[in-house]
Amino acid sequence: MPRFIALIPAAGTGSRMNNELPKQYLSLAGKPMIYHALHTLCHSSHIFRVFVILAPDDHEWNRYDWSSFADKLVVKYCGGATRADSVLNGLKAMQQTDGSIDKDDWILVHDAARPCLTIFQLDQLIDALALDEVGGLLAIPVADTLKRADSNQRVMGTESRNGLWQAQTPQMFRLGLLMDALSKVNSAAITDDASAIEALGLDPRLVLSDAYNFKVTYPQDLALAELILQKKETN
C-alpha cells in the first residue's frame, strides 16, 4: 500500500515579516512557528515520515528541542533558491535516505507558515485523495470581492470570483508525478506544487478546508494564529 509522507520546505527567509529571524522560527505560542505544523503532521496516524528541508546554512534549527518528533522526523539541509527547488531537492534526498520510499507513495507538501493545520483537515485531505488518479490540495472558495489595480493602486475593474478558490497546503501528489512535474517547470514561476502538476495538463482536486488554515505572511498574522492555536488547545 502507498504510504503518506509529509515534506515541509523551510529554507526561506520570510522577508515580509520584517524580522531578521527566518519566519519558520518566529515565536508562536511559546514555540517556533514550524513546531505547530510538525506537531500535527507527526501526530497523525496516517503519516509515515515527516521531512523538513532547510537551507544549507541554517543555524537556527539546532537551537531547539525536536526530540518529541524523533520517531518520524528527518531533517535535510538541501533547500534551494526557490520553494519549488527546495521541494524537488527534498524529494531526491528522501529517496536517497530511504530506498523503500516508492514513486507511488503520497507526498504531502505543507508550508511551515501554516501552523494552524488540524488533524481533521489532514484526514479530510487524505480520505478524499487516497484513491485519486492525480492528487490535490486543501483550498477554500474565494469570499471577498476582488479588485484589479493599476500601477497607481487605483481600481481598474472588479473581477468575478465565480469558481475561484484560494489554495492552501498540504498539497498531496504521488512522489513520481511530483518529481516529474517539478523537473519540467521554471521553478521561479511556480508558487505551489499544484501549479506544476497543472503544467503537465492534469487537474488536481480541490478539497474543502477552512480559513483557520491560513498562511502567516505579515507580522499582524501572528496574533491571529496564536488565538486559533489557543482555541485548538481548549477544544
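This section describes the overall build of the protein, the pairing of one central-topic strand, a surface patch and a loop residue. The model is predicted.

The protein contains 6 helices and 11 strands. Along the principal axes, its C-alpha trace spans about 55 × 40 × 40 Å. The radius of gyration is 18 Å. For 235 residues, a compact globule would have a value near 18 Å, so the protein agrees with that expectation. Buried residues account for 47% of the 235 residues. Among contacts with a separation of 6 or more, 72% link residues 24 or more positions apart. The exposed surface of the protein is about 12,100 Å². Carbon and sulfur atoms supply 49% of this surface.

Strand β10 covers residues 165–174. Of its 10 residues, 7 are buried, so the strand is largely enclosed by the rest of the structure. Strand β10 pairs with β6 (residues 106–109) through 4 bridges. The two strands run antiparallel. Within this pairing, W106 stands opposite R174 of β10. Strand β10 is also joined to β7 (residues 135–141), here by 6 bridges. The β7 and β10 strands likewise run antiparallel. I140 has Q166 in β10 as its bridge partner. In a regular strand, side chains alternate between the two faces of the sheet.

A nonpolar patch lies on the surface. Its members are W165, L206 and L208. Together they present about 270 Å² of accessible area. L206 sits in strand β11, which comprises residues 205–208. The relative accessible area of L206 is 38%. This residue is therefore partly exposed, since the class lies between the 20% limit for buried and the 50% limit for exposed. W165 belongs to the patch, and residue 165 is also where the range of β10 begins. The patch thus includes a residue of a strand that is largely enclosed by the rest of the structure.

The last site is in a loop. D71 lies between β4 (47–54) and β5 (73–76). Its relative accessibility is 65%. D71 counts as exposed because this value is over the 50% cut-off. R49 is 22 residues away from D71 along the chain. The C-alpha atoms of D71 and R49 are separated by 8.2 Å.

Note on methods:
Residues numbered from 1 in each chain as written. Predicted model: local features only at pLDDT ≥ 70, side-chain atom pairs only at ≥ 80, totals over all residues. Heavy atoms only, no water. Patch = residues over 30% accessible without salt bridge, like charges linked within 9 Å, V, L, I, M, F, W, Y side chains within 5 Å. Areas by Shrake-Rupley, 256 points an atom, 1.4 Å probe, with all protein chains shown as cover. Salt bridge = Lys/Arg side-chain N within 4 Å of Asp/Glu carboxyl O. Buried < 20%, exposed > 50% of the residue type's maximum accessible area, 1.4 Å probe, protein only. Pairing = 2+ DSSP bridges. Rg over C-alpha atoms; globule rule 2.2 N^0.38 Å. Contact = heavy atoms within 4.5 Å.
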